[in-house]
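Okay, everyone, thanks for coming. Let me put a new structure up on the screen, and then we'll walk through it together.

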Amino acid sequence: MSDLRDPRLVPCPSARRSSYLRASCLPCVLCNVAVCTQESQPAVCRNRGSGRSVQPGVHGSWFLPAAAWKGHLITLSVLLVGVAGTRAASACDCPVPPPPCQAYWRSPMIFLGTVTSVLATRDGRVARVRMRVDRAYKGVSEASLVLVDSGICDGPDLHLGRQYLMYTERRADRAIPSRGCTRSRPVESARDDLRFLNGLANAAPTALIYGRIALSNGPGLAQPAAGAIVTVRGAQSTLTTTTDGDGRYAANGLKPGQYQITAGHPGYQMPGFGQWTFRTEVEPRGCGLVNVELWRRLPVTVAEH
């Protein structure tokens, strides 16, 4: 069973094990937020009542204080049942894929391959192909592989003679899917991926955490948090950095492991009235993308008696 504290992945109710539904807006339900919308990377959950917004972090884990979960289990169950009922026939809705330096560690098999033959079609669409392995990057030893295209979830449409960079897996039934919520794509669109993959052998065994900090001033009114202080805290070290004019930050040279990311800016605080935290785990030569949208700090009025 998936850890419900992590809204990134919830198993797709279809038959495909590698398919996932977007769960980025689960925190909206758990926090009684009225409206969930996808506007950019990652998904943004909007609170219709207060005008605040929160990015639960598609690429980093999202956590609530334990007390916040009380009384929301029934709501969560209803949500999941509703998702299963509406998505079973329409495949799945994939979140924005992680960057190459993060996707590498999540995919069991990565290779550059060319479609050499179409083995089966279904309703005029390619359903099974054989691909020559032009270069194996991870988890592949064969000279060629047979891939199945169920038409479910995101993925490239395969064509005879074209070359693709594939992020995939070998399922329990030994089938290798060409689709799923991955970075699989035609080679023409894989420049960033190939730059990272081809440079792995010479890369230092350290990690990078980066992202963007924004200031929420109401629905659709988020702006870059220039000069925000970002703290990246791990078990062995803590690094503090400042965002640039576009609200971007980067923490380089990190040791592999789990990290907690917090940010601060005058007049603003972390989501959940400062109670939420963003976490990610990075591997050697890997990265973690964590975006944070800060809430405006509300003034506190003390009534006199």
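Let me start with a question: does C287 count as buried or exposed? Keep in mind that we're looking at a predicted model. The answer is buried, because C287 has just 3% relative accessibility, and the cut-off for buried is under 20%.

So who is C287 bonded to? A disulfide joins it to C101, with 1.9 Å from S to S. C101 sits in helix α3 and C287 in strand β21, residues 287–289, so this pair ties together parts that are 186 residues apart in sequence. The link is right-handed, with 80° about the S-S bond. C101 is buried too, at a relative accessible area of 14%.

There are two disulfides in total. The other one is C94 with C181, and there the sulfur atoms are 2.1 Å apart. C94 is in the loop between α2 and α3, while C181 is in the loop between β11 and β12, so here the parts tied together are 87 residues apart in sequence. This link is left-handed, at -75° about the S-S bond.

Now, those two strands bring us to the sheet. It's an open one with six strands and mixed pairing, and the order goes β11-β9-β8-β7-β10-β12. β11 and β12 are at the edges with a single partner strand each, so one side of each has no neighbour in the sheet. Further in, β8 and β9 run antiparallel and are joined by five bridges; V129, for instance, has L147 in β9 as its bridge partner.

Last stop: helix α4, residues 191–199, lies across β7, β8, β10 and β12, at about 70° to β10.

How values were computed
Residues are numbered from 1 along each chain as its sequence is written. This is a predicted model: local features need pLDDT of at least 70, side-chain atom pairs count only at pLDDT 80 or more; totals for chains, interfaces and linings use all residues. Side-chain values use heavy atoms; hydrogens and water are left out. Two strands pair if DSSP finds at least two bridges between them. Helices (H or I, at least four residues) and strands (E, at least two) are DSSP runs, numbered from the N terminus. Contact means heavy atoms within 4.5 Å. Axes are lines fitted to C-alpha atoms, for helices over the stretch in contact, and angles run from 0 to 180 degrees between N-to-C directions. A disulfide is a pair of cysteine sulfur atoms within 2.5 Å. Buried means under 20% relative accessible area, exposed over 50%, partly exposed in between (1.4 Å probe, protein chains only).
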